[in-house]
Amino acid sequence: MNVFKINKVFLFCLFAYSTILMAQHRGDDLGFQGLQQENYSGVKAVALGGAYTSQSSDLNSLFWNPAGLMGLQELELDISYNTSDAQWRENQRYRPNRYFVTLPFYLEGWYVPDAANNGIWDHELAADTNYVVNPTGGGNDPYSKAEADWIKKQNNSGIGHIAVAYPITLLDRQFVFAGSYSHNNSVQNFDRNDTYLTPMIGYSGYDGFVDRVDGSDTLNVDWYNYSSSRFGESTTLSAAVAYQVTEALNIGLSINVMNGQTDDILVLNKIGTFGLFDNNEFFFSYDTLDTQIKGTSDFSSTEINLGFIYKLENLDVGVNVQLPYTLERQWKYSKTVTDTGGTIQSTLSGTDELEFPAIFNFGVNIRPTEKLMVLFDYTYAQYKKAKFNYASADSLRPNWANQNILRFGLQYKPINDIALMAGYRSTPQVFIPDGSAEKDKGPISTSYSFGISYQVIEAVRIDAAYELKELRYYDQYFSNTNYNTQTLNQLHFGINYKFN
């Protein structure tokens with residue numbers, strides 16, 4: 001497509017206002033953001049990239065496949081502590097075009113208009129020597145920290161889990177009962193857009209198609225600063241039982257009851273309005289219309305897992321099925337709207353539900369030698385079948401994308417008491433970025449991990465793991481591209497004690 005055609009599409013794609021859920025792009029309503037996060041329970045499991053569906057004889061299996069509890073020989077206690085650093089950043093790059101050459105200068109912050117010039121045509125201002133443009137950025141790596149328009153950081157630390165397991169024999173059959181309290185499920189979600197436009201210039205994906213301005217009428221485009229955040233904690237109580245069906249086959253059942261609360265804030269502050277009239281004819285005026293929605297969300301769910309592990313001499317195969325369940329969100333917000341005429345306050349509340357489909361986890365544990373263990377895991381989640389039931393149906397809410405998660409782990413024992421571990425996981429996100437060529441697959445986050453396990457004495461084992469997770473993606477429009485980066489650094493420490 002030549003430059004002239006691109007610029008024509010640019011003007012034809014001035015779209016109407018709407019809000020959406022989950023994708024971290026133009027700016028979204030508060031919904032279930034931050035609740036679809038990966039399992040980080042179990043220090044050894046984290047070190048092995050989460051490839052733990054086929055692992056057995058380990059209390060950490062409680063969080064991944066309850067059938068893996070079989071093989072424990074005595075009462076065990078496992079305690080973990082986690083600390084994490086999360087970061088979000090974005091680089092919005094606007095592209096000039098020949099119809100509104102200088103408008104991107106405003107959005108990029110290269111030109112800061114004077115309030116005294118409200119409503120004056122930009123081409124008239126440009127003839128003045130006070131019209132100063134200061135270009136910034138433009139480095140080779142649009143995802144780098146140096147190019148970021150803003151950076152948000154969040155730290156979290158605390159007890160990860162306290163778990164206990166007890167093996168017993170009933171009627172010549174082996175059982176293992178286990179339970180845990182987990183507090184490491186931090187809910188962390190942040191989104192920001194300093195150039196929230198309504199209707200937005202350069203994209204037709206938000207309900208509506210606005211004809212090109214032609215000098216017969218003025219199209220007003222409102223410019224806002226948008227941000228939303230959700231931070232909080234959730235706790236999970238788990239109970240599980242594993243049973244040895246045969247010498248080769250173990251099965252397990254677990255029940256996980258989750259409860260959590262988050263502090264939610266959504267801010268939409270108006271900067272001003274662009275009046276688009278014709279070819280390179282537009283004006284800008286500062287204006288005030290500030291909206292803040294603030295309050296809490298209470299989440300709860302009950303999840304049941306069925307697990308199986310089939311053991312061969314040097315190969316184990318594991319399957320864990322997370323049965324369909326419902327995540328409930330009860331929310332209560334206060335809404336404050338302020339303009340030049342004053343402030344209006346109101347209270348909003350409701351209950352939303354997210355019905356998850358069954359999620360399937362498959363794993364293989366290969367032991368080519370006594371010192372080496374190789375693990376592969378695959379998770380298939382048909383999130384396209386998830387059902388959202390909202391108290392308010394006043395906005396566009398697209399479905400989630402399916403997930404196909406790959407996890408790999410490697411463990412090597414140089415000596416009997418020490419195990420060195422490394423892992424990798426590839427996790428597609430459940431949202432589709434704006435302008436993505438792939439409409440049924442979200443951007444992929446990658447995680448790299450490593451760890452060590454040290455059997456101090458027969459009854460005491462110490463575990464440590466580090467994981468680096470990164471997600472990079474962009475939202476693509478005719479007018480601009482938003483480069484988004486999310487990183488997560490985590491340290492996990494654990495101690496396991498066997499009561500002989």
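This tour moves through a predicted model, stop by stop, with a selection to make at each one.

**Confidence**

Begin by colouring the chain by pLDDT. The average over the chain is 88, and 91% of the residues score at least 70. Next, select residues 1–24, where pLDDT stays under 50. For this segment the model has 99 contacts beyond four places in sequence.

**Backbone geometry in three loops**

Most residues other than glycine have a negative phi, and most peptide bonds are trans. The next three selections depart from that pattern.

Select Leu171, in the loop between strand 2 (150–170) and strand 3. Its phi is positive, at about 55 degrees, although the residue is not a glycine. Is Leu171 buried or exposed? With a relative accessible area of 83%, Leu171 is exposed.

Move along to Thr198 and Pro199, which are joined by a cis peptide bond with omega about -5 degrees. Pro199 belongs to the loop between strand 3 (173–198) and strand 4 (219–244).

The third selection is Asn280, in the loop between strand 5 (249–278) and strand 6 (281–286). Asn280 is not a glycine, yet it has a positive phi of about 55 degrees. The relative accessibility of Asn280 is 26%, so it counts as partly exposed.

**Aromatic rings around Tyr106**

Display the rings of Phe, Tyr and Trp. A pair of aromatic rings is described by the distance of the centres and the angle of the planes. How many aromatic pairs does the count come to? The count comes to 39 aromatic pairs.

Select Tyr106 and Phe274 from among them: their centres are 5.5 Å apart and their planes lie at 80 degrees, an edge-to-face arrangement. Because Tyr106 lies in helix 3 (residues 103–108) and Phe274 in strand 5, this pair ties together parts that are 168 residues apart in sequence. Tyr106 is buried, with a relative accessible area of 4%, and Phe274 is likewise buried, at 0% relative accessibility.

Keep Tyr106 selected and add Phe282. The two ring centres are 5.7 Å apart and the planes are at 70 degrees, so this pair too is edge-to-face. Phe282 lies in strand 6 and Tyr106 in helix 3, so the pair ties together parts that are 176 residues apart in sequence. Phe282 is buried, with a relative accessible area of 0%.

Now extend the selection to Phe100, Tyr106, Tyr111, Tyr131, Trp223, Phe274, Phe282, Phe284 and Tyr286, which form one aromatic cluster.

**A charge over a ring**

Select Lys152 and Phe190. What sits over the ring of Phe190? The charged end of Lys152 does, 5.4 Å from the ring centre.

**Strands 12, 14 and 15**

Switch to a cartoon view and select strand 12 (residues 372–381) together with strand 14 (residues 403–415). These two strands run antiparallel and are joined by ten bridges. To see the register, pick Thr379, which stands opposite Ile405 in strand 14.

From strand 14, continue to strand 15 (residues 418–428), its antiparallel partner over eight bridges. Here Gly409 stands opposite Gly423 in strand 15. Strand 14 and strand 15 make a hairpin, with two residues between them.

**Strands 16, 17 and 18**

Select strand 16 (residues 444–457) and strand 17 (residues 460–476). Their pairing is antiparallel and extends over twelve bridges. Two residues separate the two strands, which form a hairpin. Label Ile452 and find Ala464 opposite it in strand 17.

Add strand 18 (residues 480–499) to the view. Strand 17 pairs with strand 18 in the antiparallel sense over 17 bridges. A hairpin of three residues joins strand 17 to strand 18. Which residue is the bridge partner of Tyr466 in strand 18? The partner of Tyr466 is Leu491.

While side chains are displayed on these strands, recall that in a regular strand the side chains alternate between the two faces of the sheet.

How values were computed
Residues are numbered from 1 along each chain as its sequence is written. Side-chain values use heavy atoms; hydrogens and water are left out. Helices (H or I, at least four residues) and strands (E, at least two) are DSSP runs, numbered from the N terminus. Buried means under 20% relative accessible area, exposed over 50%, partly exposed in between (1.4 Å probe, protein chains only). Rings of Phe, Tyr and Trp (its six-membered ring) pair if their centres lie within 6.5 Å; planes under 30 degrees apart count as stacked, over 60 as edge-to-face and the rest as tilted. A charge sits over a ring if NZ of Lys or CZ of Arg is within 6 Å of the ring centre and within 35 degrees of the ring normal. Two strands pair if DSSP finds at least two bridges between them. pLDDT is the predictor's confidence in each residue, from 0 to 100. Contact means heavy atoms within 4.5 Å.
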